[in-house]
Amino acid sequence: MRIVLLGSARSIHCQKIANGLSARGHAVTVLSLPRHSAGREGYADGVALETLPRDSYFFQGKAVRDALRAARCDVCYAHYATGYGTLLRASGFHPSVLAVWGSDVYDVPQKSPLHRAIVKRNLRFPDALFSTSHAMARRAQTLVDRPYRVTPFGVDLTRFVPMPETGSPNTSVPQAQATRAASPDTSAPQAQATRAASLDTSAPQTQATRAASPNTSAPQAQATRAASSNTAASQTTSAQTSAPQTLHIGFMKGLYPKYGPQDVLQAFMTLTQTPAVTEKYETLYLHLVGDGPQEAELKAWAADHGLSDVVTFHGRIPHESVPDMLRSLSLYVAPSTLDSESFGVSAVEAMACGVPVVVSDVDGFREVTDDGRVARMVPRQDPDALAAAMADAVLDREKTAALCAAALIRVRERYDWGQNLTNIENGLQDVADGIAEAAVAEGGDR
């Protein structure tokens, strides 16, 4: 197929989709506004990058249509039901698919009747609609009641894997770990799926090195064996050294209020003052990975509360460094505040790496964690509940090991990027193949 992705070339998700489809032999073009254009870094050689003439979502229908025709487009795959959905509708192009992303169907329609009307018109236009989660599809159907193909973003399970059992370097600086290439044994994904993260964190990378049982036909038995293994490892460590251990807690999202970084800081401060935790762990470190408008405010808050020495703001890191950074953590937290966090890929990435996860109860995290059955879940915007769940995660190793084992199985069953990409590919092919028949059935070209 000749596929044009109409969306932001700066989006890591658009980049991943474009590269994946190109690798499967499709001719892929990414068409963006000038402010969303990007250099070739991160894009495969076979992906073409094109830019619209003006930086506006309005009055560019002809420019989009001309670009699609120049690319001899078989199917246009637009991303985001507001801006790029408006461009798609203005182009009048078929066959086309529109993917909803989150705030476009959760937040924007609440701004005004005009915003709601625009989104609804955009959702009615394409030949098919995609959603990254069932929860978001249900929300979008309250606007326009049409079928939505659920196409999760997923993760690359050859890169996002738990720490292998051997060869773990001993380092106390997660940022240094993030610069090393991932080195998982990817020849047996099913065996990797059973590893649970250990919270023996005297060296930050060691916590993900211990495995649950490799028999994935009985998840409960695996989880129990994983917990037993981790407990035994903890006892061995205690016998070897009298020094308490170290915890590395991570947050990897933009520093925006909707992702809850302030809640992370407040919960972390509470954790550092929790006797059961401080008796067991000599030092607690918090790693905030990402950038955004709250960065200066959050740094000032950390300084004012005496946390500057144990809170590190890493900024944005290259996506290829994310798996190693995750594996360096003892615990990952994601306390987003809005339901427009509609998939929760950051939690899926951490779960795939065998890292214990604490999430808030927004729609996306509810779905990826099976409503909290494979991770600890807390009410959104509740730093005290977040701190309590973090403490439970690092103190109750048996429960944590069981959750990690179950989370790994869930990720491999539902969020394997290769399978998710096939789902997207099949959906696009269905639209490309079926548009003539569908147009005839509805009375001609729409």
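**Exercise 1. Find the residue in E9 that stands opposite Gln-245, then describe how E9 sits between its neighbours.**

*Solution.*
Step 1. Look across from Gln-245: the residue opposite in E9 is Tyr-281. Keep in mind that you are working with a predicted model.

Step 2. Now follow the pairing of strands. E8 and E9 run parallel and are joined by eight bridges.

Step 3. Turn to E10. E9 and E10 are also parallel, with four bridges between them, and here Val-289 stands opposite Gly-315 of E10.

Step 4. Finally, check burial. Seven of the nine residues of E9 are buried, so this strand is largely enclosed by the rest of the structure.

**Exercise 2. Work out the strand order of the sheet that holds E9, and say which strands stand at its edges.**

*Solution.*
Step 1. List the strands in order. The sheet is open, has six strands and reads E10-E9-E8-E11-E12-E13, with parallel pairing.

Step 2. Pick out the ends. E10 and strand E13 (376-378) each have a single partner strand, so one side of each is left without a neighbour in the sheet.

Step 3. Add the twist, which averages 20° from one strand to the next.

Step 4. Zoom in on one pair. E11 and strand E12 (residues 357-360) pair in the parallel sense over three bridges, and Ala-334 has Val-359 of E12 as its bridge partner.

Step 5. Place the helix that crosses the sheet. H16 lies across E8, E9, E11, E12 and E13, and runs at about 165° to E13.

**Exercise 3. Identify the largest nonpolar core and the elements that build it.**

*Solution.*
Step 1. Start with the core itself: it has 34 residues, and Val-311, Val-333 and Met-390 have the most contacts inside it.

Step 2. Collect the elements that give two or more residues. These are strand E8 (245-252), helix H10 (261-272), strand E9 (281-289), helix H12 (295-304), strand E10 (311-315), strand E11 (331-334) and helix H16 (383-395).

Step 3. Ask which gives the largest share. That is H16, with seven residues.

Step 4. Inspect Val-311. Beyond residues up to four places away in sequence, Val-311 touches Leu-265, Phe-268, Leu-286 and Leu-288.

Step 5. Do not merge this core with its counterpart: a second, separate core of 32 residues includes Ile-317, Tyr-332, Ala-352 and Tyr-415.

Step 6. For background, nonpolar side chains in soluble globular proteins tend to be buried together.

**Exercise 4. Compare the surroundings of Tyr-332 and Thr-337: where does each lie, and is each buried or exposed?**

*Solution.*
Step 1. Locate them. Tyr-332 lies in strand E11, while Thr-337 is in the loop between E11 and helix H14 (345-352).

Step 2. Apply the cut-off, under 20% relative accessible area for buried. Tyr-332 is buried at 0%, and Thr-337 also counts as buried, at 10%.

Step 3. List contacts beyond four places in sequence. Those of Tyr-332 include Gly-250, Phe-251, Met-252, Ala-347, Ala-350 and Val-357. Thr-337 is in contact with Pro-257, Lys-258, Gly-260, Asp-263, Val-362, Arg-380 and Gln-381.

Step 4. Set sequence against space. Tyr-332 and Met-390 are 58 residues apart in sequence, and their C-alpha atoms are 9.0 Å apart.

**Exercise 5. Describe how helices H2 and H3 pack, and classify the residues in their contact.**

*Solution.*
Step 1. Take the geometry. Helix H2 (residues 61-70) and helix H3 (residues 83-91) pack at an angle of about 80°, with axes 7 Å apart.

Step 2. Name the arrangement. The range 65 to 115 degrees counts as roughly perpendicular, so H2 is roughly perpendicular to H3.

Step 3. Find the residues. H2 contributes Gly-61, Val-64, Arg-65 and Leu-68, and H3 contributes Leu-87, Ala-90 and Ser-91.

Step 4. Sort them by class: four are nonpolar, two polar and one charged.

**Exercise 6. Lay out the seven-stranded sheet and examine one of its pairs.**

*Solution.*
Step 1. Write the order: this open sheet runs E3-E2-E1-E4-E5-E6-E7, with parallel pairing.

Step 2. Mark the edges. Strand E3 (47-51) and strand E7 (149-150) each have a single partner strand, so one side of each lacks a neighbour in the sheet.

Step 3. Examine strand E5 (residues 96-100) and strand E6 (residues 128-131), which pair in the parallel sense over four bridges. Ala-99 stands opposite Phe-130 in E6.

Terms used
Residues are numbered from 1 along each chain as its sequence is written. This is a predicted model: local features need pLDDT of at least 70, side-chain atom pairs count only at pLDDT 80 or more; totals for chains, interfaces and linings use all residues. Side-chain values use heavy atoms; hydrogens and water are left out. A nonpolar core is a set of buried Ala, Val, Leu, Ile, Met, Phe, Trp, Tyr and Cys residues joined through side-chain atoms within 4.5 Å. Buried means under 20% relative accessible area, exposed over 50%, partly exposed in between (1.4 Å probe, protein chains only). Helices (H or I, at least four residues) and strands (E, at least two) are DSSP runs, numbered from the N terminus. Contact means heavy atoms within 4.5 Å. Axes are lines fitted to C-alpha atoms, for helices over the stretch in contact, and angles run from 0 to 180 degrees between N-to-C directions. Angles under 35 degrees count as roughly parallel, over 145 as roughly antiparallel, 65 to 115 as roughly perpendicular and the rest as oblique. Ala, Val, Leu, Ile, Met, Phe, Trp, Tyr, Cys and Pro count as nonpolar, Asp, Glu, Lys and Arg as charged, and the others, Gly among them, as polar. Two strands pair if DSSP finds at least two bridges between them.
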